[in-house]
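I opened the notebook to look up side-chain pairs, ring contacts and enclosed space. Entries follow in the order I made them.

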Amino acid sequence: MKGLKRFLAAALCAAMLTGMSGCTSVTDGKRIIRIAHAQSETHPEHLGLLKFKEHIEEKLGDKYEVQIFPNELLGAAQRAIELTQTGAIDFVVAGTANLETFANVYEIFSMPYLFTSEEAYHEVMNDTDYMNQVYASTDEAGFRVLTWYNAGTRNFYATKPIHTPEDLKGLKMRVQQSPASVNMVKAFGAAASPMSFGEVYTAIQQGVIDGAENNELALTNNKHGEVAKYFSYNKHQMVPDMLIGNLKFLNSLSEEERAVFEEAALLSTEVELADWDQQVEEAKKIAENDMGVEFIDVDVQVFRDKVDGVQDQMLEENPNIRELYDYIQEVNAKYTEEGAE
C-alpha cells in the first residue's frame with residue numbers, strides 16, 4: 001500500500017508539474033480542484049469534504065470540478081502541505097501539529113490539557129471571527145486555513161494496558177511531529193517517536209513502537225485496534241484538523257467565488273461535526289466487540305499533574321501563543337463556572 005501511495009503521488013505530481021501550466025489542470029473547460037487528506041472514505045472528514053465538493057459544484061459547477069484524494073494518496077500531511085504551498089494541489093486537511101513550523105501560534109493546540117471540556121473546545125473553534133486571525137498567520141507561507149474539523153480527544157492506546165503515567169515508563173509511543181507533543185510524552189515517562197500517521201499500524205505490528213495516541217476512530221478506520229488492544233481515556237489533548245487552501249488560488253477567486261468556497265468550508269464542518277459523535281460510538285463498539293480492544297477509564301488528574309511543567313515551558317518559550325491561551329482560559333472558566341452551579 002505504501003508503494004502504491006508513493007507511485008500515485010509521484011505520478012500525479014509529475015503530471016501537475018509538467019509544462020508552463022504547472023499546477024493548474026483544466027478538464028472540459030473546468031478548473032480541477034484537488035484536495036488531499038489522510039483518512040478513509042468513511043471518515044467524518046471525508047464526508048465533510050464530499051459536502052464541500054457538492055456545494056462548490058452546485059454553485060460553480062460550470063467552472064470547477066473538485067477531486068478528493070483520501071488515505072495519504074498524495075503523500076503524508078507534511079508533504080501534502082508543501083504541495084499546497086506551491087499550488088501543486090489546492091487544499092489539504094492536516095493537523096495543527098503540521099502547521100507549527102509555518103506559524104508557531106499553532107503550537108498551542110499541542111499543549112496538553114489546554115481545554116477543560118469539549119464544550120469550551122467547540123466554542124473556541126466555532127468563533128470564526130477570532131479564529132480567522134489565527135488562520136491568517138500562515139499567509140506568508142502561501143496558504144490559509146478555511147475551517148476546522150473535530151478530531152476528538154486524544155488518548156493513549158498500546159499493546160499493554162495504561163492505568164497511570166507510571167505504566168508509560170519505557171514505552172515507545174508515536175506522537176505527531178510536534179515538539180510540544182514530544183515533550184508531553186517525555187513528561188509522562190515514555191519515549192516519543194514522531195512519525196507519519198500512515199506508518200503507525202506497521203510500526204506497532206512490528207514492535208518498533210508500543211503504541212500511539214489518537215481518537216477512537218484510529219482503532220477502526222485505520223485498523224490500529226488489530227495491533228493495539230488497550231485504549232486509555234487520559235484525554236490529554238483536543239487537537240483539531242484544518243482545511244488548508246493555497247492562498248494564491250484563493251486570492252485569484254472573484255468575491256462571489258470566494259464566498260462560495262468559504263460557505264462550502266463551513267458546510268463541510270457542519271457535516272463533519274454531526275457525523276463525528278455517531279462514528280466514535282460505532283468505533284468503540286466495533287473495537288470492543290469485534291477487535292477485542294479494552295477501554296480503560298483512568299484518573300485524568302494524575303496525568304494532568306504530570307505535564308503542568310510542559311504548559312509553563314511552552315508559554316515561556318513561545319510568547320505568540322499567550323493571547324490565544326488567555327482567550328481559551330476565559331472560555332474554559334465559563335464552562336467550569338456553569339458546571340459548578
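Before the first entry I need one cut-off: a residue is buried when its relative accessible area is under 20%, exposed when over 50%, and partly exposed in between. The model I am reading is predicted.

**Entry 1: salt bridges**

I began with the charged pairs. How many salt bridges does the structure hold? I find 11.

I looked up aspartate 90 first. Its partner is arginine 31, and the closest N and O atoms are 2.9 Å apart. Aspartate 90 sits in the loop between helix H3 (77–86) and strand S4 (91–95), and arginine 31 belongs to strand S2 (residues 30–36), so this bridge ties together parts 59 residues apart in sequence. Then I checked burial. Aspartate 90 has a relative accessibility of 2%, so I note it as buried. Arginine 31 comes out at 15%, which also falls under the 20% cut-off. I enter arginine 31 as buried.

Next I went to helix H10 (residues 255–289), which holds both glutamate 262 and arginine 258. Their side chains meet in a salt bridge at 3.1 Å, N to O. The two residues are 4 apart, about one turn of the helix. Are glutamate 262 and arginine 258 buried or partly exposed? Glutamate 262 is partly exposed at 40%. Arginine 258 is buried at 18%.

The third pair I looked up is arginine 322 with aspartate 326, where the closest N and O atoms lie 3.4 Å apart. Both are in helix H13 (residues 322–340), 4 residues apart, so about one helical turn separates them. Arginine 322 has a relative accessible area of 39% and is partly exposed. Aspartate 326, at 34%, is partly exposed too.

**Entry 2: aromatic rings**

I turned to the rings. The count comes to 18 aromatic pairs. For phenylalanine 91 and phenylalanine 249 I read 6.1 Å between ring centres and 90° between planes, so I log the pair as edge-to-face. Phenylalanine 91 is in strand S4 and phenylalanine 249 in helix H9 (residues 247–252); the pair links distant parts of the chain, 158 residues apart. Phenylalanine 91 is buried at 0% relative accessibility. Phenylalanine 249 is buried at 6%.

How are phenylalanine 231 and phenylalanine 295 arranged? Their centres are 5.4 Å apart and the planes meet at 55°, and I log the pair as tilted. Phenylalanine 231 comes from strand S10 (residues 230–238) and phenylalanine 295 from strand S12 (residues 294–297). This pair, too, links distant parts of the chain, here 64 residues apart. Phenylalanine 231 has a relative accessible area of 0% and is buried. Phenylalanine 295 is buried as well, at 18%.

I then looked for a cluster. Phe52, Tyr64, Phe91, Phe249 and Phe261 form one. The edge-to-face pair of phenylalanine 91 and phenylalanine 249 is thus part of the cluster.

**Entry 3: enclosed space**

How many cavities of 30 Å³ or more are there? I count 1. The largest cavity has a volume of about 40 Å³.

I went through the lining. It includes Ala36, His37 and Ala38, the run from Glu72 to Ala77, and also Ala80, Val92 and Val93. By class, I have 9 nonpolar residues, 2 polar and 1 charged. Helix H3 and strand S4 each supply at least two lining residues. Strand S4 had already come up in the ring entry, as the place of phenylalanine 91.

**Entry 4: histidine 46**

From the lining residue His37 I moved to its contact with histidine 46. The two side chains are joined by a polar contact of 2.9 Å. Histidine 46 is in helix H2 (residues 44–60). It is buried, with a relative accessible area of 6%.

**Entry 5: glutamine 133**

My last look-up was in helix H5 (residues 128–135), where glutamine 133 is found. Is glutamine 133 buried or exposed? At 52% relative accessibility, I enter it as exposed. I also took one distance. From glutamine 133 to arginine 154 I get 25 Å, C-alpha to C-alpha, for residues 21 apart in sequence.

How values were computed
Residues are numbered from 1 along each chain as its sequence is written. This is a predicted model: local features need pLDDT of at least 70, side-chain atom pairs count only at pLDDT 80 or more; totals for chains, interfaces and linings use all residues. Side-chain values use heavy atoms; hydrogens and water are left out. A salt bridge is a side-chain nitrogen of Lys or Arg within 4 Å of a carboxyl oxygen of Asp or Glu. Buried means under 20% relative accessible area, exposed over 50%, partly exposed in between (1.4 Å probe, protein chains only). Rings of Phe, Tyr and Trp (its six-membered ring) pair if their centres lie within 6.5 Å; planes under 30 degrees apart count as stacked, over 60 as edge-to-face and the rest as tilted. On a 1 Å grid over the protein atoms alone, a cavity is a set of points where a 1.4 Å probe fits but cannot get out, and a pocket is an open set with protein on both sides within 12 Å along at least five of seven lines; lining residues have an atom within 4 Å of a point. Grid points are joined across faces, edges and corners, and a volume is the space filled by probe spheres set on the points. Ala, Val, Leu, Ile, Met, Phe, Trp, Tyr, Cys and Pro count as nonpolar, Asp, Glu, Lys and Arg as charged, and the others, Gly among them, as polar. A polar contact is a pair of N or O atoms within 3.5 Å; within protein, one must be able to donate a hydrogen and the other to accept it, and residues adjacent in sequence count only if both atoms are side-chain atoms.
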